[in-house]
Protein chains: 2
Amino acid sequence: MMTQVRECSVARTLELVGSKWTLLVVRELFLGSRRFEEIARFTGGPRDILTDRLRRLEAHGLVTRVQYEQRPPRFEYHLTDLGRSLAPIIETMREFGDRHLAGEDGPPARFEHSCGAEFHPVLACKACGEVVRRGEVQIADATT
Amino acid sequence: MMTQVRECSVARTLELVGSKWTLLVVRELFLGSRRFEEIARFTGGPRDILTDRLRRLEAHGLVTRVQYEQRPPRFEYHLTDLGRSLAPIIETMREFGDRHLAGEDGPPARFEHSCGAEFHPVLACKACGEVVRRGEVQIADATT
DNA sequence: GTGATGAGTTGGTTTTTCCAACGTACTCGG
DNA sequence: CCGAGTACGTTGGAAAAACCAACTCATCAC
């Protein structure tokens, strides 16, 4: 029956943000960088590639390019609502890195939740609100 | 002061799993594929690249290669505990894709939480257990 | 007018990825 | 025994992507 490549939301997401530097650009925007020079400096990515990634993100509606100066035309970059909805992806990656790949002096940046504690994300079930433990999630229909 | 590239857990995580096909291989293992032929068929990735990714994942302790046959030596692949801790990354990517990039006939695979509802992950704060809303997380120290 | 800043472009090199074909070691059917 | 099929890769060469340093263009600060 020679089954095919799996239709998959993970794959679709990776097509959007899976190429090198893309998620670092997004991280940078989450951290508040707006200008090309900041993005270049803080990510360390090649300028031509960063240009390409920003254009691509813009084309997919994750980022907007906003003119902030006329007389040499200058632009800055902002996440759209769609772009901001990448937050859980960035946050879970940060958490993984903090937990398993941190240097000796601990995680390089720390965040705080409004409850007062240091923020570490865990997955919860949207329906019941409970934090998910291993084995609590099962495939519902085995179409693919 | 010519500030440098940002030390960052997101960057470190991406070094581990950020190259093309890697996360699709991991997804496949989460979905239960064990053998090379399954991984190749369901991801659609080039066989040489998949070999490389599996070796790399093994080298970093995310995957183990287990011999399941002697007489031509054959191997299958399993996620380690460390590898399984990539689940939140995969799940949040799936959720993003389901939500924003799904085809007309809805998300291609569905999952169920033990509470009985269809599973959709949201981020919660590990400390207080509350689901996180926009603006509730702030940077704690602006070292980087 | 010299130098700096900001946002890119350009040209050429290096690295990755891709692809189809091949190799090896078996098993199975006839 | 012969040929086909399965499983897990490896190989060689072409194509695409990424990298890098240097350059542009416009303006401002000195």
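Do the two copies, chain A and chain B, meet through the same surface or through different ones, and what share of the interface residues of chain B are also interface residues in chain A? The share is 100%, so the copies meet through the same surface. Keep in mind that this is a predicted model.

**How the two chains sit together**

Let's start with the symmetry. Chain B can be laid onto chain A by a rotation of 180° with 0.0 Å of shift along its axis, and the RMSD of that superposition is 0.0 Å. That is the relation of a two-fold axis. If you want to find the axis in chain B, look for B:Leu123: its C-alpha is the nearest one in that chain, 2.4 Å away from the axis.

Now for the contact itself. Chain B puts 70 residues into it, and chain A puts in 70 residues too. On the chain B side, α1, α2, α3, α6 (87-100), β3 (111-113), β4 (121-125) and β5 (137-141) each bring at least two residues. The top contributor there is α6(B), with 11 residues. Sorted by class, this side of chain B has 37 nonpolar, 17 polar and 16 charged residues.

The chains also share strand pairing. β4 of chain A (residues 121-125) runs antiparallel to β4(B), and the two are linked over 5 bridges. One of the pairs to look for is A:Cys125, whose bridge partner in β4(B) is B:Pro121.

**The nonpolar cores**

In soluble globular proteins, nonpolar side chains tend to be buried together. Here, the largest nonpolar core has 48 residues, and the members that touch the most others are A:Val25 and B:Val25. Setting aside residues up to four places away in sequence, B:Val25 touches B:Ile39, B:Thr43, B:Leu50, B:Arg53, B:Leu54 and B:Leu57. There is also a second, separate core of 10 residues, including A:Leu123, A:Ala124, A:Val132 and B:Phe119.

A:Val25 is also one of the buried residues of α2(A), alongside A:Thr22, A:Leu23, A:Leu24, A:Val26, A:Arg27, A:Glu28 and A:Leu29. With 8 of its 9 residues buried, α2(A) is largely enclosed by the rest of the structure. After that helix comes A:Gly32, which has a positive phi near 110°.

**Two tryptophans with an unusual backbone angle**

Most residues other than glycine have a negative phi. A:Trp21 goes the other way, with a positive phi of about 80° even though it is not a glycine. You'll find A:Trp21 in the loop between α1 (9-17) and α2 (22-30) of chain A. A:Trp21 is buried, because 20 other C-beta atoms lie within 10 Å and 20 or more is the cut-off.

Chain B has its own example: phi of B:Trp21 is positive as well, near 80°. B:Trp21 lies in the loop between α1 (9-17) and α2 (22-30) of chain B. B:Trp21 also counts as buried, with 20 C-beta neighbours inside 10 Å.

**A loop residue in chain A**

A:Thr80 is in the loop between β2 and α5 (81-84) of chain A. Is A:Thr80 buried, exposed or partly exposed? A:Thr80 is partly exposed, since 14 other C-beta atoms lie within 10 Å of its own. Its C-alpha atom is 5.2 Å from that of A:Val63, although the two residues are 17 apart along the chain. Beyond its neighbours within four places in sequence, A:Thr80 is in contact with A:Gly61, A:Leu62, A:Val63 and A:Thr64.

**Around the DNA**

The model also has DNA strands C and D, and the table sets out what surrounds each of them.

| DNA strand | Residues around it | Closest residues | Classes |
|---|---|---|---|
| C | 20 residues | A:Arg35, A:Phe36, A:Glu37, B:Arg71, B:Pro72 | 7 nonpolar, 3 polar, 10 charged |
| D | 19 residues | A:Arg71, B:Arg35, B:Phe36, B:Glu37, B:Asp48 | 6 nonpolar, 3 polar, 10 charged |

Which elements supply the surface near DNA strand C? α3 (36-43), α4 and β2 (74-79) of chain A, together with α4 of chain B, each supply at least two residues. Near DNA strand D, at least two residues each come from α3 (36-43), α4 (47-59) and β2 (74-79) of chain B, along with α4 (47-59) of chain A.

Technical notes:
Residues numbered from 1 in each chain as written. Chains lettered and ligands numbered in written order. Near = placed C-beta within 6 Å. Helix = DSSP H or I, 4+ residues; strand = E, 2+ residues; numbered from the N terminus. Nonpolar A, V, L, I, M, F, W, Y, C, P; charged D, E, K, R; others polar. Core = buried A, V, L, I, M, F, W, Y, C linked by C-beta atoms within 7 Å. Buried ≥ 20, exposed ≤ 12 C-beta atoms within 10 Å, placed from the backbone. Contact = placed C-beta atoms within 7 Å. Pairing = 2+ DSSP bridges. Least-squares fit on C-alpha atoms with pLDDT ≥ 70 in both.
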